[in-house]
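This report looks at one chain of the model, from its overall build to its core and contacts. Please view the sequence and structure first.

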Amino acid sequence: MADRPEPDGIVLTEAQKRSRRRRSIAIALALGVLVVLFFAVTLVKGPAVLNRPL
Amino acid sequence: MSVVDHNAIELAPRISEADVADYFALLKPRVMSLVVFTALVGLVIAPGHVHPVLAITALLCIAVGAGASGALNMALEGDIDALMSRTANRPIPRGRITSPEAMAFGMTLAFFSVLTLGILVNWIAGSLLAFTIFFYVVVYTMWLKRRTAQNIVIGGAAGSLPPVVAWAAATGSLSVEPLLLFLIIFFWTPPLALFRSDDYARAGVPMLPVVAGPDATRLQILLYTIVLVAVAAAPWPLGYFDAIYGIASLILGAGMLALAINVYRRRARAESLRATRKLFAFSILYLFALFATLALEVAFRAIAPTIW
C-alpha cells in the first residue's frame, strides 16, 4: 500500500496560479477597504453606529 | 487507455484564468463613471452638511451597486452579447469568465453594497440602491429587454436613480429636487439609446428601429428630446434651481433640439448615421454640462456668503 504513488489531482498551470493569486490579492484589498470604511464611519458617527433607530 | 481516465479528463473542473481586469470589465466602468458623477451632483445639491467620510461611503456603495448591476446584466446576457460586435469583447462571450461566476460576483457585490450603505449611511438610501439593482437586473434585463421595444425607455429608470439614492444618503429623506434629476436622466436616455439597431436585430432583441422602423424611431427621438428640454428647463421657473442653471439648460437644450431635428430630417443612410452619432456624442456632453452647472451653482451659492 505504502509504495503506491500519490494521485496527482488537479495541477494548476503557471498562468492559472498567477491569475488566482492576482484575484486573491484583489479580494484581500477589497476586504481591507471594507474594514477601513467601517472603522472610519464608526469614528465619524461614534460607537453607536449599529445602535440606532432604523 | 481506459474509459476511467477518459472520464476523468472530461469531468475535470474548468479552472479560471480570469484576471482582475476581466472582473473589472464586468462592472461596466464607463456606465459606472456616469453613475458616480450624477450621484455626486445629487450629494452636492442636497441641503445640509454631509460628513465627507459618509459622502465617500455613499458614492462608493452606489458605484459598487451599479457595478453589481452591470455584472448581473452580463451574466444574464452572455448569449446576446456574443452576437453583437459592440459587446462581443465582454469577458463572458470571450470565455474569460463563465455566467455563473459573473452571477456570483454580481450577487456578492450587490449584497455588500446595499448592506454597507444601509448600515453605515441610512436604510432609505440602502433600500433605494437595492431597488435600483432589482429594477435593472430583474425588470429591465430579465423581463423587458427581450420582450418589448420600450425596454430601454422603462429600463432607463434604473440609470436615473443614482442621484435620488445619493440625495437620500445625504438627507435621510426624499424631495422634489432629486426627482427632477431623475426625470432629466430618464428622458435623456431614449434619444441616446433608441438608435442602436443592426446588432440588436441580429441578436433578436426587439429594439425600436427593428420593430417599428427607423422613421418611427426618428420621430420618438425628437419627441423625447422635446420633453427632455422642457423637463430640464422647468426647475428654473418652478423655483427649484436658479437662473444660471436655467439659462445653461436652455442653451444646451437648443443644441440637443437642433441635433434631434437633424436626426429627424436626414434619412439617407450615410447622412443619418452621421446625424445620429452627433446627437449621441452631444447628449453625453449635454448631461455632463447640465449637471456640472447645477452642482457649481449650488456650491457657489454655499460659498458666496463667506466671500462677500
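How many helices and strands does chain B have? In this predicted model, chain B has 15 helices and zero strands. Its radius of gyration is 22 Å, close to the 19 Å that the globule rule gives for 308 residues, so chain B is as compact as a globular protein of that length. The C-alpha trace of chain B spans about 90 × 55 × 30 Å along its principal axes. Of the 308 residues in chain B, 45% are buried. Long-range pairing is also on record: among contacts between residues at least 6 apart in sequence, 72% join residues at least 24 apart.

**Domains**

Chain B is divided into domain 1 (17-172) and domain 2 (175-302). The C-alpha centres of these two domains of chain B lie 22 Å apart. Their contact takes 25 residues from domain 1 and 27 residues from domain 2. On the domain 1 side, the elements of chain B that give two or more residues are α3 (29-45), α8 (151-160) and α9 (162-171).

**Contact with chain A**

Chain B also meets chain A. Here 14 residues of chain B are in contact with 15 residues of chain A. On the chain B side, α4 and α6 (99-120) are the elements that give two or more residues. Helix α4(B) gives the most, with three residues.

The table sets out the residue classes on two contact sides of chain B.

| Side | Nonpolar | Polar | Charged |
|---|---|---|---|
| Domain 1 of chain B, touching domain 2 of chain B | 15 residues | seven residues | three residues |
| Chain B, touching chain A | nine residues | three residues | two residues |

**Nonpolar core**

Which residues have the most contacts inside the largest nonpolar core? They are A58(B), I62(B), A71(B), L129(B) and V165(B), in a core of 92 residues. Helix α4 (residues 52-76) of chain B gives the most to this core, with 13 residues. The core draws at least three residues from each of domain 1 (17-172) and domain 2 (175-302) of chain B.

I62(B) offers a local view. Leaving aside residues up to four places away in sequence, I62(B) touches V35(B), A39(B), L129(B), P162(B), V165(B) and A166(B). Two of these partners, L129(B) and V165(B), are themselves among the residues with the most contacts inside the core.

Helix α4 of chain B thus appears twice: it gives the most to the core, and α4(B) gives the most to the side of chain B that touches chain A.

Definitions and conventions:
Residues numbered from 1 in each chain as written. Chains lettered and ligands numbered in written order. Predicted model: local features only at pLDDT ≥ 70, side-chain atom pairs only at ≥ 80, totals over all residues. Core = buried A, V, L, I, M, F, W, Y, C linked by C-beta atoms within 7 Å. Buried ≥ 20, exposed ≤ 12 C-beta atoms within 10 Å, placed from the backbone. Helix = DSSP H or I, 4+ residues; strand = E, 2+ residues; numbered from the N terminus. Domains from an automatic or database assignment. Contact = placed C-beta atoms within 7 Å. Nonpolar A, V, L, I, M, F, W, Y, C, P; charged D, E, K, R; others polar. Rg over C-alpha atoms; globule rule 2.2 N^0.38 Å.
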